[in-house]
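Got the viewer open? Keep the selection box handy, and we'll walk through this one stop at a time.

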Amino acid sequence: MSTLITLNDALKSLASYEEFEGVLNLDTLHLGPDTYTLVAPAQWHITLTNTGSAYLAQGRISADLSVDCARCTEAFTLSIDAEVFGYYLEEDADVEETGLDLDEDEFERIVEDKIDLSSVLKAALIYDLPMVPLHDEDCLGLCPTCGCNLNEQECSCQDEPQEDFSKNPFAVLKDFDFSGSENSDNQ
Ligand SMILES: [Zn+2]
Ligand SMILES: [Zn+2]
């Protein structure tokens with residue numbers, strides 16, 4: 001597995017550190033209604049530091065992901081270079097004694113001298129994904145009436161608002177003769 005680090009004796013002495021790199025094999029990431037497909041395995045490199053009470057993994061992960069634009073639905077490739085940050089505690093370490101003020105979901109346990117970076121790497125990528133993926137911030141999207149891609153062609157739908165007008169219930173009342181109905185009530 002390319003996200004697994006085995007702690008060697010050198011790393012077990014205080015303030016020692018070592019650099020690691022590898023790939024994260026992942027097919028897709030999901031965020032809200034969007035599916036991101038990795039074009040190639042994500043590349044990561046981190047420095048693992050022994051802080052005395054914990055191990056700190058710090059570095060970056062980069063990936064190219066294919067996703068559909070939220071406005072025009074065309075697929076495009078998004079490049080991400082995200083910060084990686086994660087704490088790892090020995091199996092029997094007491095969180096309170098580390099002095100790091102970490103909640104249960106802010107660190108992972110070291111199992112049999114092994115650190116698995118996969119979830120921290122995946123979280124780093126997800127954290128960097130946009131709320132709304134756009135192939136271009138100025139993407140014009142699709143015409144809500146005829147469905148054409150407004151980035152590629154112009155349509156005349158917006159020049160003809162009559163169609164929407166007829167769906168307005170008040171448009172019907174416009175031609176209604178109210179005086180006539182009042183007269184019939186009085187009779
Ligand atoms: Zn677009
Ligand atoms: Zn149109």
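What follows is a tour from the overall layout down to single residues.

**Before you click**

This is a predicted model, so to speak of a local feature here takes a pLDDT of at least 70, side-chain atom pairs count only at pLDDT 80 or more, and totals for chains, interfaces and linings use all residues. Residues are numbered from 1 along each chain as its sequence is written, while chains are lettered from A and ligands numbered from 1 in the order in which they are written.

**The whole protein**

Start with a cartoon view. You'll find five helices and nine strands; helices (H or I, at least four residues) and strands (E, at least two) are DSSP runs, numbered from the N terminus. Along the sequence the pattern reads β-β-β-β-β-β-β-α-β-β-α-α-α-α.

How much of the protein is buried? Of its 187 residues, 16% are. "Buried" means that 20 or more other C-beta atoms lie within 10 Å of a residue's own; 12 or fewer makes it exposed, anything in between is partly exposed, and the C-beta atoms are placed from the backbone. Now for contacts, which are pairs of residues whose C-beta atoms, placed from the backbone, lie within 7 Å. Among contacts between residues at least 6 apart in sequence, 55% join residues at least 24 apart.

**Strands 2, 5 and 6**

Select residues 17-24 (strand 2) and 42-50 (strand 5). Strands count as paired if DSSP finds at least two bridges between them, and strand 2 and strand 5 have eight, in the antiparallel sense. Zoom in on tyrosine 17 and you'll see threonine 49 of strand 5 opposite.

Next, add residues 55-68, which are strand 6. Strand 5 and strand 6 also pair in the antiparallel sense, over eight bridges. Here leucine 48 stands opposite alanine 57 in strand 6. The hairpin of these two strands has four residues between them, and glycine 52 there takes a positive phi near 100°.

**Another hairpin**

Jump to residues 28-31 and 34-38, which are strand 3 and strand 4, an antiparallel pair with four bridges. Click leucine 31: aspartate 34 in strand 4 is its bridge partner. This hairpin has two residues between its strands, and glycine 32 takes a positive phi near 55°.

**Helix 2 and the core**

Now select residues 118-128, helix 2, and highlight its buried residues: Val120, Leu121, Ala124 and Leu125. They sit on the same side of the helix, because they cover an arc of only 140° around the axis, an arc taken from the directions from the helix axis to the C-beta atoms. What covers these buried residues? Strand 2, strand 3, strand 5, strand 6 and strand 7 (75-89) are among the elements that do.

Stay here for the largest nonpolar core, which has 24 residues. A nonpolar core is a set of buried Ala, Val, Leu, Ile, Met, Phe, Trp, Tyr and Cys residues joined through C-beta atoms within 7 Å. Those with the most contacts inside this core are Ala57, Ile61, Val84, Leu117, Leu121, Ala124 and Leu125. Strand 5, strand 6, strand 7 and helix 2 each supply at least two of its residues, and strand 6 gives the most, with six.

Click leucine 121, in helix 2. Why is leucine 121 called buried? Because it has 25 other C-beta atoms within 10 Å. Leaving aside neighbours within four places in sequence, leucine 121 is in contact with Thr3, Leu24, Trp44, Ile61 and Val84. Try a distance label to alanine 82: the two are 39 residues apart in sequence and 9.0 Å apart in space, C-alpha to C-alpha. With the same neighbours left aside, alanine 124 is in contact with Ile61, Ala82, Glu83 and Val84.

**Valine 67**

Back in strand 6, pick valine 67. With 21 C-beta neighbours inside 10 Å, valine 67 counts as buried. Its C-alpha atom is separated by 4.9 Å from that of tyrosine 36, 31 residues apart along the chain. Not counting residues up to four places away in sequence, valine 67 touches Asp34, Thr35, Tyr36, Ala75, Phe76, Leu78 and Pro133.

**Two loop residues**

Finish with aspartate 101, in the loop between helix 1 (95-98) and strand 8 (107-109). Aspartate 101 has a positive phi of about 55° although it is not a glycine. Is aspartate 101 buried or exposed? It is exposed, with 8 other C-beta atoms within 10 Å.

Last stop: glutamate 112, in the loop between strand 8 and strand 9 (114-116). Glutamate 112, not a glycine either, has a positive phi of about 50°, and with 7 C-beta neighbours inside 10 Å it counts as exposed.

Key:
Contact = placed C-beta atoms within 7 Å.
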